[in-house]
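Please open the model in the viewer and display it as a cartoon with side chains available. The tour below proceeds from one selection to the next.

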Amino acid sequence: MTWRTRAAALLREPLVHFLVAGALIFVVLSGRAPDTGERRIVVDEAVVTGLVNNYVQAFRRPPSDDELDGLIRDYVRGEVYYREALRLGLDRDDDVVKKRLRNKMLAIAGAEAEATRPSDAELQALLDKDPARYAEPPRYTLEQRYLGSDTPSLRAAAIAQLSSLKPGDAPTLPEQPIPLPGTLDGAPLIDIATQFGDDFALALEKAPTGRWTGPVASGFGLHLVKVIRRDNPPPPKLADIRQRLENDWRSAAVRKAEEDNLNALLKGYDVVIEKPR
């Protein structure tokens, strides 16, 4: 039995007749003439193929004959309820429906830009416009000493200690044990942030090199830090970050297509904004 034959057989079932008849009765009772175009529910090969494909994507196997009959029956039920809901105006003033329709309109507006592949020249122009955005973060070679929990008295002691240090001297405040490395050699900033926290990593960007500084707060407490070397990676090349550039280029293209589409649609509307006084 083919999809078409099973679909035709299903449409002869009493349940489908009941649903369609119920919809017709509602229209008659509402005093409106039925629209034969909207009232015709066609379960053709394209619909059945779509149902089968969705089922395969969800369950990794084709549906059985009984399962397919159930899918078609549910499709007809959904179409009847959907059309009747529209006829009753249930889609109006429904924020969820509005949001879903808005998202579909945005998807249509941005579909062409989404499928477009940028040229190398366009990607290079994007890289040249903001090379810092695509540059690798600096790497740090440093020493750190953990002093303990962040308290006003410990901060004051650390500041006093640092202010009295002479060039080449090392701090003498007692170092507390902590399960973190005391030295880092060429560590990427993101790795440092993972171990010590974002605030600690951000403080390194302003720290001088070659001398002890601080106190620097981490998620564990206060540290004294000596940045020995800050290595800035070479400028990024298109070939190394092509996918990232393509993603940014496509996102910008989709946003522009959506904005252009909205502006074109707005030309057909008279927008009146009445703010409450």
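Begin by selecting L127, which is buried, with a relative accessible area of 4%; buried means under 20% relative accessible area, exposed over 50% and partly exposed in between, for a 1.4 Å probe and protein chains only. The structure is a predicted model, in which local features need pLDDT of at least 70 and side-chain atom pairs count only at pLDDT 80 or more, while totals for chains, interfaces and linings use all residues. Residues are numbered from 1 along each chain as its sequence is written, and side-chain values use heavy atoms, with hydrogens and water left out.

L127 belongs to helix α7 (residues 120–129); helices (H or I, at least four residues) and strands (E, at least two) are DSSP runs, numbered from the N terminus. Next, show the residues that L127 touches: Y134, P236, K237, L238, I241 and L245, leaving aside residues up to four places away in sequence. Contact here means heavy atoms within 4.5 Å. Then add W249: its C-alpha atom is separated by 10.0 Å from that of L127, although the two residues are 122 residues apart along the chain.

W249 leads to the next stop, as one of the α12 residues in contact with α6. Select helix α6 (residues 95–115) and helix α12 (residues 242–266), whose axes come within 8 Å and cross at roughly 130 degrees. The axes are lines fitted to C-alpha atoms, for helices over the stretch in contact, and angles run from 0 to 180 degrees between N-to-C directions. The angle makes α6 oblique to α12; angles under 35 degrees count as roughly parallel, over 145 as roughly antiparallel, 65 to 115 as roughly perpendicular and the rest as oblique. On the α6 side, colour M105, L106, A109, G110, A113 and E114; on the α12 side, the contact includes R250, A253, V254 and A257.

Move now to the largest nonpolar core, which has 18 residues; Y140, I192, F200 and L204 touch the most other members. Such a core is a set of buried Ala, Val, Leu, Ile, Met, Phe, Trp, Tyr and Cys residues joined through side-chain atoms within 4.5 Å. Two or more residues each come from β1 (139–148), β2 (183–188), α10 (189–196), α11 (198–206) and β4 (222–231), and α10 gives the most, with four residues. Centre on I192, which touches Y140, L142, L184, A187, G197, F200 and L204, not counting residues up to four places away in sequence.

Finally, display the whole chain, with its 12 helices and four strands. Of its 277 residues, 29% are buried.
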